[in-house]
Each structure stands twice: as structure tokens, then as C-alpha cells.
Amino acid sequence: MQRHLPRVGIGWDVHRLVAGRPLMLAGVQVPCDRGLLGHSDGDVILHAVIDAMLGAAGLNDIGQMFPDTDPAWQGADSRKLLRLALAAVQSAGWTPVQADTVVVVEKPKLAPHKDAMRASLAGLLGLPAGDVNIKAKTAEGFGEIGAGEAIACYAVAMLAPVQRMGTEQLV
Ligand code: MG
């Protein structure tokens with residue numbers, strides 16, 4: 001099948017904030033008295049980006065790739081999950097060209113950490129920092145996220161078909 005056009009995917013995730021865990025966001029440890037609860041390190045940004053990439057590539061979702069019943073992923077560094085998901089995306093003939101995210105978080109304020117988070121995410125995706133974006137919004141006090149009990153993230157990712165030599169010319 002010849003594929004010439006880029007594809008987009010959407011991802012979303014939420015994790016509860018609890019005491020006694022490091023707060024990992026986009027692969028960066030953000031100073032906070034609480035962290036995100038999860039089978040892995042709970043990095044809600046990386047999980048949303050993974051799902052966005054898998055969606056664009058037509059590769060199901062993060063829960064199917066890394067089941068939370070599998071002890072292999074207990075406490076996993078989500079940067080490793082992203083690298084594995086990226087490898088699957090590339091094996092399927094796609095490469096990321098852009099990602100955008102919205103983190104919905106009441107506390108802590110992410111402004112002092114956004115540059116580091118952006119650089120981390122870009123590095124993981126093999127992209128220049130200008131091709132990824134991290135936007136932080138509060139929930140204006142609404143609901144559990146607004147009460148600071150959880151952090152959510154929305155993500156979109158765009159993939160381009162990988163150029164190949166030989167019989168299958170794509171772009
Ligand atoms: Mg998750």
C-alpha cells in the first residue's frame with residue numbers, strides 16, 4: 001500500500017496524585033510533595049503522546065502494548081515505554097514530525113519546568129524542541145483535577161511516512 005500523506009493521532013491520559021512518589025512529567029522529575037500513581041511511573045504526558053503516536057500509526061493503544069497486568073511494566077520508566085512505542089511506529093513505516101500537548105494541572109505550576117520538559121519530549125521523539133509543545137492549563141477548580149487530586153494530559157502527534165529506497169516509494 002502506498003502512503004503519501006501524514007497522519008494525526010490523539011491521546012489522553014489521567015493519573016491520580018498521591019504522596020510518596022516522584023512527579024514525572026515528560027520524562028522530567030518536577031519538584032512536588034506528591035507524584036502520579038500508576039503501574040508505571042505514571043508520566044501522564046508521555047502516556048498521552050504514546051497513545052497519540054500509536055493512534056496515528058493504527059497500532060491500537062498503550063494499554064494493549066504495555067498491559068498493567070504485566071509485571072514487566074511495574075514501576076517502568078515511561079521514557080522506555082515511549083522508546084518502545086516509537087520503535088513500533090517506525091517499524092510500521094512512520095516517523096513523528098510534530099507533537100502538541102495540553103497538561104491539565106492545578107498544582108504545581110509547570111512554567112519553571114516547561115523548557116526542560118519540552119526538551120526531554122523532543123529528545124525522546126528525535127525532534128527539534130520547536131516541533132513539540134507543552135501547554136499547561138488549570139481546570140479552574142472544577143472537579144477532581146481542579147481540586148488537585150489528579151493530572152490529565154491531551155496530546156496530538158503527526159506522523160509522516162518513512163521514505164524507503166527500492167520497490168516501495170512512499171514520499
Ligand atoms: Mg497512563
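# Exercises on helix packing, cores and a metal site

The crossing of α1 and α4 is right-handed (a crossing is right-handed if the near helix is turned clockwise from the far one by less than a right angle, and left-handed if anticlockwise). This is a predicted model, in which local features need pLDDT of at least 70, side-chain atom pairs count only at pLDDT 80 or more, and totals for chains, interfaces and linings use all residues. Residues are numbered from 1 along each chain as its sequence is written, and side-chain values use heavy atoms, with hydrogens and water left out.

**Exercise 1.** Describe how helix α1 packs against helix α4.

Step 1. Locate the elements: α1 covers residues 44-57 and α4 covers residues 114-125. Helices (H or I, at least four residues) and strands (E, at least two) are DSSP runs, numbered from the N terminus.

Step 2. Give the geometry: the angle is about 35° and the axes are 12 Å apart. Axes are lines fitted to C-alpha atoms, for helices over the stretch in contact, and angles run from 0 to 180 degrees between N-to-C directions.

Step 3. List the residues of the contact (heavy atoms within 4.5 Å): α1 gives Ile45, Leu46, Val49 and Met53, while α4 gives Met117, Leu121, Leu124 and Leu125.

Step 4. Sort them by class: 8 are nonpolar, none polar and none charged. Here Ala, Val, Leu, Ile, Met, Phe, Trp, Tyr, Cys and Pro count as nonpolar, Asp, Glu, Lys and Arg as charged, and the others, Gly among them, as polar.

**Exercise 2.** Do the same for α3 and α4.

Step 1. The axes of α3 and α4 come within 10 Å and cross at roughly 35°.

Step 2. Arg79, Leu82, Arg83 and Leu86 of α3 meet Leu121, Leu124 and Leu125 of α4.

Step 3. By class, this contact has 5 nonpolar, no polar and 2 charged residues.

**Exercise 3.** Which residues of the largest nonpolar core touch the most other members?

Step 1. Define the term: a nonpolar core is a set of buried Ala, Val, Leu, Ile, Met, Phe, Trp, Tyr and Cys residues joined through side-chain atoms within 4.5 Å. Buried means under 20% relative accessible area, exposed over 50%, and partly exposed in between (1.4 Å probe, protein chains only).

Step 2. Name the residues: of 45 members, Leu25, Ile45, Leu82, Met117, Leu121 and Leu125 touch the most others.

Step 3. Find the sources: the elements that give two or more residues include α1, α3 (78-91), α4 and β5 (94-104). The largest share, 11 residues, comes from α1.

Step 4. Set the second core aside: it lies apart from the largest one and has 5 residues, among them Val104, Ala139, Ala150 and Ala152.

Step 5. Take leucine 82 as a case. Leucine 82 lies in helix α3 and is buried, with a relative accessible area of 0%. Leaving out residues up to four places away in sequence, leucine 82 touches Leu46, Val49, Ile50, Met53, Leu121, Leu124 and Leu125. Leucine 82 and leucine 46 are 36 residues apart in sequence, yet 6.8 Å apart in space, C-alpha to C-alpha.

**Exercise 4.** Which protein residues are donors of the magnesium ion?

Step 1. Apply the cut-off: donors are N, O and S atoms within 2.8 Å of the metal (3.2 Å for Na, K and Ca); water is not among the atoms, so sites may look incomplete.

Step 2. Read off the donors: Asp13 (OD), His15 (NE2) and His47 (ND1) lie 2.0 to 2.3 Å from the ion. Their spacing in sequence is D-x1-H-x31-H.

Step 3. Check burial: aspartate 13 and histidine 15 are both buried. Histidine 47, in helix α1, is buried too, with a relative accessible area of 6%.

**Exercise 5.** Find backbone features that depart from what most residues show.

Step 1. Recall the rule: most residues other than glycine have a negative phi, and most peptide bonds are trans.

Step 2. Asparagine 60, in the loop between α1 and α2 (62-65), has a positive phi near 60°. At 51% relative accessibility, asparagine 60 is exposed.

Step 3. Glutamate 140 has a positive phi of about 55°. This residue lies in the loop between β6 and α5 (143-146) and is exposed at 65%.

Step 4. The peptide bond from lysine 107 to proline 108 is cis, with omega near 0°. Proline 108 is in the loop between β5 and α4.
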